[in-house]
Amino acid sequence: MRVVALVNILYFTSLFPKLSEAMDDLECPRCKTTKYRNPNLKLMVNVCGHALCENCVELLFVKGSAACPQCAVPLRRSNFRVQIFEDSSVEKELDIRRRVLRDFNKKESDFDTLRDYNDYLEEVETIIFNLANNVNVEATKRLIDNYKKENKVIIAKNKGKLSKEEEELEELLEREKQEEEAKREELLLKDKEEERTRRNKKEALIDDLMFSDRSAKDIIASHSQKNREEEQIAKTTFALKKRSTFSTGLKSQHVFMPVPKRNDAERFLYRDLKIEFLGPTPFSPGTLLNEGFTRHVRGVADSDVAGGFLTENACDRALQDAFCGIYFVL
């Protein structure tokens with residue numbers, strides 16, 4: 001049932017692009033304003049699931065609370081939110097699902113068997129269905145109130161407790177965060193090292209220009225050549241390091257023997273395919289055609305010839321299947 005609930009949520013979420021496009025044709029049920037006439041139109045919904053445009057919400061709920069124009073349910077301005085889906089019933093069910101799951105938050109570890117946990121999830125889905133479709137609403141609300149009274153301690157404890165999947169996701173996010181921080185620190189240290197190297201090179205060049213007896217042209221040319229050589233060495237080292245950092249994913253440190261090399265002349269030497277038929281030697285395709293064997297086989301169509309299939313192929317295959325293994329002896 002947990003999978004069913006997840007599939008339902010994903011299904012509703014997958015409809016978002018299509019439903020958002022279809023909302024261009026929607027209109028406010030009270031003032032009849034459409035998205036075509038007002039491109040900035042925003043439909044908003046509350047717990048009852050009936051939509052109103054933003055202007056109507058501001059007008060009707062100016063005092064903070066009022067009744068829904070369609071079903072007369074008491075509503076509050078603070079509970080209105082922008083409608084995402086075209087079908088308001090979907091919005092209503094999602095809102096009900098969020099409210100119900102805040103209290104029905106038991107985890108699999110709270111049950112003795114998987115069957116009990118699945119029965120609990122099925123009961124939760126039944127409650128959501130009843131509230132979303134106005135089926136036994138009063139009885140369902142009483143059931144929810146009784147559950148909240150009987151499981152008050154478990155509800156409070158599980159509100160701050162993550163499920164197994166959520167814990168794994170939190171651990172994964174934390175690990176990725178630590179890796180990003182380590183990469184950021186490594187890049188920062190690398191930038192500082194490069195800045196220090198550039199500063200040392202600059203100071204060395206200034207010292208040579210001030211105190212060396214050589215000409216400035218020779219000194220600059222010498223430093224440029226040295227810099228190019230160092231850059232080439234760095235590129236070569238980086239390429240070798242990148243090539244040697246391949247990981248097989250194996251935790252063991254076994255040393256594997258190198259793959260034996262074969263002689264290229266032997267590797268590419270052509271050898272005829274030999275098939276042991278254990279029967280009469282098949283005729284060649286030319287013999288089958290000349291001897292008239294192909295008259296007993298359906299002729300090929302143009303599409304067969306275009307695909308590389310000939311009548312001799314079918315005839316040759318039929319004869320091989322018929323006589324293969326005649327000479328076989330146990």
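User: How do the residues of the lining of the second largest pocket divide into nonpolar, polar and charged?

Analyst: This is a predicted model, in which local features need pLDDT of at least 70 and side-chain atom pairs count only at pLDDT 80 or more, while totals for chains, interfaces and linings use all residues. Residues are numbered from 1 along each chain as its sequence is written. A pocket is an open set of points on a 1 Å grid over the protein atoms alone, where a 1.4 Å probe fits, with protein on both sides within 12 Å along at least five of seven lines, and lining residues have an atom within 4 Å of a point. Here the lining divides into 10 nonpolar, 2 polar and 7 charged residues, with Gly counted as polar and Asp, Glu, Lys and Arg as charged.

User: Which residues lie nearest the centre of the second largest pocket, and which element gives the most to its lining?

Analyst: Of the 19 lining residues, I96, R99, L131, V137 and K141 lie nearest the centre. Two or more lining residues come from each of α4 (88-103) and α6, and α4 gives the most, with 6 residues.

User: Why do the buried residues of α6 lie on the same side?

Analyst: An α-helix has 3.6 residues a turn, so residues three or four places apart point the same way. In α6 (residues 137-150), the buried residues (under 20% relative accessible area, 1.4 Å probe, protein chains only) are T140, I144 and Y147. They cover an arc of only 65° around the axis, which puts them on the same side of α6. The face turned away from that buried side carries E138, R142, K149 and E150, which are exposed (over 50%).

Definitions and conventions. Side-chain values use heavy atoms; hydrogens and water are left out. Helices (H or I, at least four residues) and strands (E, at least two) are DSSP runs, numbered from the N terminus. The expected span of a helix is 1.5 Å times one less than its number of residues. The arc is that of the directions from the helix axis to the C-beta atoms.
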